[in-house]
Amino acid sequence: MPNIKPISDLRNYSEVLRDVAVGSPVFLTKNGRGKYAIVDITDYEKQEATLHLLQELAKGRIAGEQQGWLSLHEVEQNLGLTK
């Protein structure tokens with residue numbers, strides 16, 4: 001179940017931060033609407049790595065569509081797996 005708190009709870013920020021854990025962010029609301037999320041640094045780093053990977057995969061897809069795809073044999077040659 002999501003941990004949702006009003007932003008006014010930040011007056012006692014140490015208590016709010018105590019509730020933040022890996023896989024368990026705290027969501028802060030302002031005027032009854034979601035405004036901020038406090039996440040554990042491990043989760044943040046995983047999200048950033050995932051976004052970076054997805055961006056690189058998108059670049060590869062675009063390059064493949066524009067410049068043509070490599071065959072399995074060509075990939076193996078580029079990786080030095082075949083002679």
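Which residue's side chain meets that of Lys 5 in a salt bridge?

## A salt bridge between distant parts of the chain

In this predicted model, the partner of Lys 5 is Asp 19, and the side chains of the two residues meet in a salt bridge with an N to O distance of 2.9 Å. The pair links distant parts of the chain, since Lys 5 belongs to strand S1 while Asp 19 sits in the loop between helix H1 (13-18) and S2, 14 residues apart.

The two partners can also be described by their accessibility. Lys 5 has a relative accessibility of 14%, and because this is under the 20% limit the residue counts as buried. Asp 19, at 29% relative accessibility, counts as partly exposed.

## The sheet

The strand that carries Lys 5 is part of an open sheet of 3 strands, which follow the order S1-S2-S3 with mixed pairing. Strand S1 (3-6) and strand S3 (33-38) stand at the edges and have a single partner strand each, so that one side of each is left without a neighbour in the sheet. From one strand to the next, the twist averages 35°.

Between S1 and strand S2 (residues 26-30), the pairing is in the parallel sense and runs over 4 bridges. In general, strands of a sheet pair through backbone hydrogen bonds, either parallel or antiparallel. Opposite Lys 5, in S2, stands Leu 28.

Strand S2 also holds Thr 29, which at 16% relative accessibility counts as buried. If neighbours within four places in sequence are left aside, Thr 29 is in contact with Ile 4, Lys 5, Pro 6, Ile 7, Gly 34 and Lys 35. Lys 5, the salt-bridge partner of Asp 19, is thus one of the residues in contact with Thr 29.

## Helix H2 and its ends

Helix H2 covers residues 41-67. At 1.5 Å a residue, its 27 residues should span 39 Å, and the C-alpha atoms at its ends are 38 Å apart, which agrees with that expectation.

At the start of H2, a side-chain oxygen of Asp 40 comes to within 2.9 Å of the backbone nitrogen of Thr 42. After the helix comes Gly 68, whose phi is positive, near 95°.

Thr 50 is another residue that lies in helix H2, and with a relative accessible area of 42% it is partly exposed. Thr 50 and Ser 24 are 26 residues apart in sequence, and their C-alpha atoms are 18 Å apart in space.

## Salt bridges along H2

A search of the whole structure finds 3 salt bridges, among them the pair formed by Asp 19 and Lys 5. Another joins the side chains of Lys 59 and Glu 56, with an N to O distance of 3.1 Å; both residues lie in helix H2, 3 residues apart, or about one turn of the helix. Lys 59 counts as exposed at 51% relative accessibility, whereas Glu 56, with a relative accessible area of 36%, is partly exposed.

The side chains of Glu 65 and Arg 61 also meet in a salt bridge, at 3.2 Å from N to O. Being 4 residues apart in helix H2, Glu 65 and Arg 61 are separated by about one helical turn. An α-helix has 3.6 residues a turn, so residues three or four places apart point the same way. Arg 61 has a relative accessible area of 41% and is partly exposed.

Terms used
Residues numbered from 1 in each chain as written. Predicted model: local features only at pLDDT ≥ 70, side-chain atom pairs only at ≥ 80, totals over all residues. Heavy atoms only, no water. Pairing = 2+ DSSP bridges. Helix = DSSP H or I, 4+ residues; strand = E, 2+ residues; numbered from the N terminus. Axes fitted to C-alpha atoms, helices over the stretch in contact; angles between N-to-C directions. Salt bridge = Lys/Arg side-chain N within 4 Å of Asp/Glu carboxyl O. Buried < 20%, exposed > 50% of the residue type's maximum accessible area, 1.4 Å probe, protein only. Expected span 1.5 Å × (residues − 1). Polar contact = N/O pair within 3.5 Å; in protein donor to acceptor, adjacent residues only side chain to side chain. Contact = heavy atoms within 4.5 Å.
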